[in-house]
Amino acid sequence: MSIDYRVIGHPGRDNALFLKIISGHAVDHLLFDCGSCIDELSSSEITSIDHLFLSHLHLDHIAGFDTFMRHNYNRGKDVHVWGPQHVAGQIHCRFLGTTWNLVGEESLTCWQLNEILPQRLDKYILYSQESFLNRHFVASPSFDRTIDRTIFSNSKFQVSAFLMNHQIPSVAYVVEECSRQNIDMKVLKESGWNPGAWLQKVKDSTSSGTEKISLGEKTYSLEELRKTLLTTTRGQKIAYLSDFLLDKNAEETLISAVKNADILVCESQYKQEDLELARKNYHMTAKQVAHLAQKANVKKLILFHVSQRYPHLEYGKILEEAQEIFPATSFPDNWEFI
Ligand SMILES: [Zn+2]
Ligand SMILES: [Zn+2]
């Protein structure tokens, strides 16, 4: 299992993050924000996106939605869109702005629009066979988001969401692969037991721990074998933060949310000398972000979404400001001019 990540979009332009969560033969595709940079993805990549996570709906984060909609409106597999309050209505308006009489009644694509609110999740559904005319409200499971920030989970990964302040709500997302248990091959070799189908039972948590397995002249319970042979590997963790004020409260929330992340992808709209501008516009400076990365003990910080006010010649300075505090900082690999 692993997470493959790609920051898309050019320096000073719309940016987004494309993730592939690879687990065995299955791959889950996630896109974070949907600016015009979506054009950098191939058709097959766009139609493979299982979940579109929107931080907020300023134009630089949603300008590519028509392309996303065009590729996926009737793909025959559910489309999941996530974002802050009002995202369902705003996405529905995008659909209503197009004429869909050529979409047949036999089409079966369901668009699940999820609004992340301070205390709950609200879900709405649009159906292609209704030509997207109606927005159906689906009662959300009753859980308290102030305690559990997880908005989605399956057997492979989970996504948590944190509401931040960008004068409007803006959502910070954290993706974590599930930890996995593997056979410790060194211990297996030392034990002298012959590998075989029984190892699958040791790994399979649905098999009862009291079940007996005979190895050589001895018999062991699955529970005993699990204690001896299984080793736990933590899954990768990656965070996507963009467009909000990094004040004391935000920093406190995020230090624990992104703690020990493998990758932190974070906006750096401003240089430190423009801190007042960052505060006024509810954005961050590279230096603030570096302090966050350091305090949260992340492995790697990737800066993106830099203000277009800075010429490319100044990018080196922005990077230096961050690296002085957190050396493992870089811009995306594809920003080759730096
Ligand atoms: Zn914004
Ligand atoms: Zn923005």
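In the predicted model, the four donor atoms around the zinc ion (ligand 1) subtend angles of 90 to 171°, which makes the arrangement irregular. Coordination of the zinc ion (ligand 1) is provided by His56 (NE2), His58 (ND1), His166 (NE2) and Asp243 (OD), at 2.2 to 2.5 Å. Along the chain, these donors follow the spacing H-x1-H-x107-H-x76-D. His56 is located in the loop between β4 (49-53) and α2, and Asp243 in the loop between β16 (237-241) and α8 (248-257), so the pair ties together parts that are 187 residues apart in sequence. Both His56 and Asp243 are buried.

Asp243 also coordinates the zinc ion (ligand 2), and the zinc ion (ligand 1) and the zinc ion (ligand 2) are 3.7 Å apart. Asp243 thus acts as a bridge between the two ions. The donors of the zinc ion (ligand 2) are Asp60 (OD), His61 (NE2), Asp243 (OD) and His305 (NE2), at 2.1 to 2.3 Å. In sequence, the spacing of these residues is D-H-x181-D-x61-H. The angles subtended by the four donor atoms around the zinc ion (ligand 2) are 90 to 157°, and the arrangement is therefore irregular. A tetrahedral assignment would need all angles to lie between 85 and 135 degrees. His61 belongs to helix α2 (residues 59-62), whereas His305 lies in the loop between β18 (300-304) and α11 (315-325), so the pair ties together parts that are 244 residues apart in sequence. His61 is buried, as is His305.

The domain assignment divides the protein chain into domain 1 (1-178), domain 2 (180-233) and domain 3 (254-338). A distance of 41 Å separates the C-alpha centres of domain 1 and domain 2.

The structure contains 14 salt bridges. One of them joins Asp28 and Lys156, with the closest N and O atoms 2.8 Å apart. Asp28 is part of strand β3 (residues 26-32) and Lys156 of the loop between β9 (150-153) and β10 (157-165), so the pair ties together parts that are 128 residues apart in sequence. Asp28 and Lys156 are both buried.

A salt bridge is also formed between the side chains of Glu273 and Lys271, at 3.5 Å from N to O. Glu273 counts as exposed because its relative accessibility is 63%. Lys271, in contrast, has a relative accessible area of 8% and is therefore buried.

Arg279 and Glu276 form a further salt bridge, in which the closest N and O atoms are 3.0 Å apart. Both residues lie in helix α9 (residues 275-280), where Arg279 and Glu276 are three residues apart, about one turn of the helix. With a relative accessibility of 41%, Arg279 counts as partly exposed, while Glu276, at 53%, counts as exposed. The cut-off for the exposed class is over 50% relative accessible area. In addition, a network of salt bridges links Arg234, Asp262 and Lys299.

Terms used. Residues are numbered from 1 along each chain as its sequence is written. Chains are lettered from A and ligands numbered from 1 in the order in which they are written. This is a predicted model: local features need pLDDT of at least 70, side-chain atom pairs count only at pLDDT 80 or more; totals for chains, interfaces and linings use all residues. Side-chain values use heavy atoms; hydrogens and water are left out. Donors are N, O and S atoms within 2.8 Å of the metal (3.2 Å for Na, K and Ca); water is not among the atoms, so sites may look incomplete. Four donors count as tetrahedral if all angles lie between 85 and 135 degrees; four count as square planar and six as octahedral if opposite donors are over 155 degrees apart and all others between 65 and 115; anything else is irregular. Helices (H or I, at least four residues) and strands (E, at least two) are DSSP runs, numbered from the N terminus. Buried means under 20% relative accessible area, exposed over 50%, partly exposed in between (1.4 Å probe, protein chains only). Domain bounds come from an automatic or database domain assignment. A salt bridge is a side-chain nitrogen of Lys or Arg within 4 Å of a carboxyl oxygen of Asp or Glu.
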